[in-house]
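Here are some exercises to work through at your own pace. Please keep the sequence and the model open beside you.

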Amino acid sequence: MNVRNCKKCGKLFNHIMGMPICPACKDALEKSFQDVKKYIRENRMADIMEVAEACEVEVSQIKQWIREDRLEFTEDSPVKLPCENCGEMIRSGKYCEKCKRDMANNLSSAIEKPKKVIEEPKKTQPSGNKMRFLDRDM
């Protein structure tokens, strides 16, 4: 049994996996997420501070949902975060499309592809039961 204190409220709970928050706080966080999502749908041009104030959620939490790809904003929205690799402004996730593509290419080139093994033809034994000697000086 893995007992921990909730990161949000401090209560003890049985931690199985994921974020170290109790089930009650996890439910409250999910409700907040749904509220933020609804607010963004209704107010497409709202900036991140406005969303945070209207939904009573911390800006860092909204940024985390964006990084996790749980929230994505429209192209014309003022809410954008910098790519963690190059700094280009993106609508969701951690990396821009170019950096994702570059990382995928680097990963695929790092994995060595199996090489074809060229088998040498096997030498066949001459037919017959002949005795062979090595030339050796004794």
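**Exercise 1.** Decide whether cysteine 6 is buried or exposed, and whether it is in a disulfide or in none.

*Solution.* Step one: cysteine 6 has 5% relative accessibility, so it counts as buried (under 20% relative accessible area, with exposed over 50% and partly exposed in between; 1.4 Å probe, protein chains only). Before step two, note that this is a predicted model, in which local features need pLDDT of at least 70 and side-chain atom pairs pLDDT 80 or more, while totals for chains, interfaces and linings use all residues. Residues are numbered from 1 along each chain as its sequence is written, and side-chain values use heavy atoms, without hydrogens and water. Step two: the structure holds 0 disulfides (pairs of cysteine sulfur atoms within 2.5 Å). For cysteine 6, the nearest cysteine sulfur belongs to cysteine 25, 3.6 Å away.

**Exercise 2.** Explain why cysteine 99 has no bond to the closest cysteine sulfur.

*Solution.* First, find that closest sulfur: it is in cysteine 96. Next, check the distance: 3.5 Å is too far for a bond. Finally, cysteine 99 is also buried, because its relative accessibility is 3%.

**Exercise 3.** Place arginine 67 in its helix and find what its side chain reaches.

*Solution.* Start with helix H3, residues 59–67, where arginine 67 is found (a helix is a DSSP run of H or I, at least four residues, numbered from the N terminus). Then follow the side chain of arginine 67 to the backbone oxygen of proline 82, at 2.9 Å.

Key
Helices (H or I, at least four residues) and strands (E, at least two) are DSSP runs, numbered from the N terminus. A polar contact is a pair of N or O atoms within 3.5 Å; within protein, one must be able to donate a hydrogen and the other to accept it, and residues adjacent in sequence count only if both atoms are side-chain atoms.
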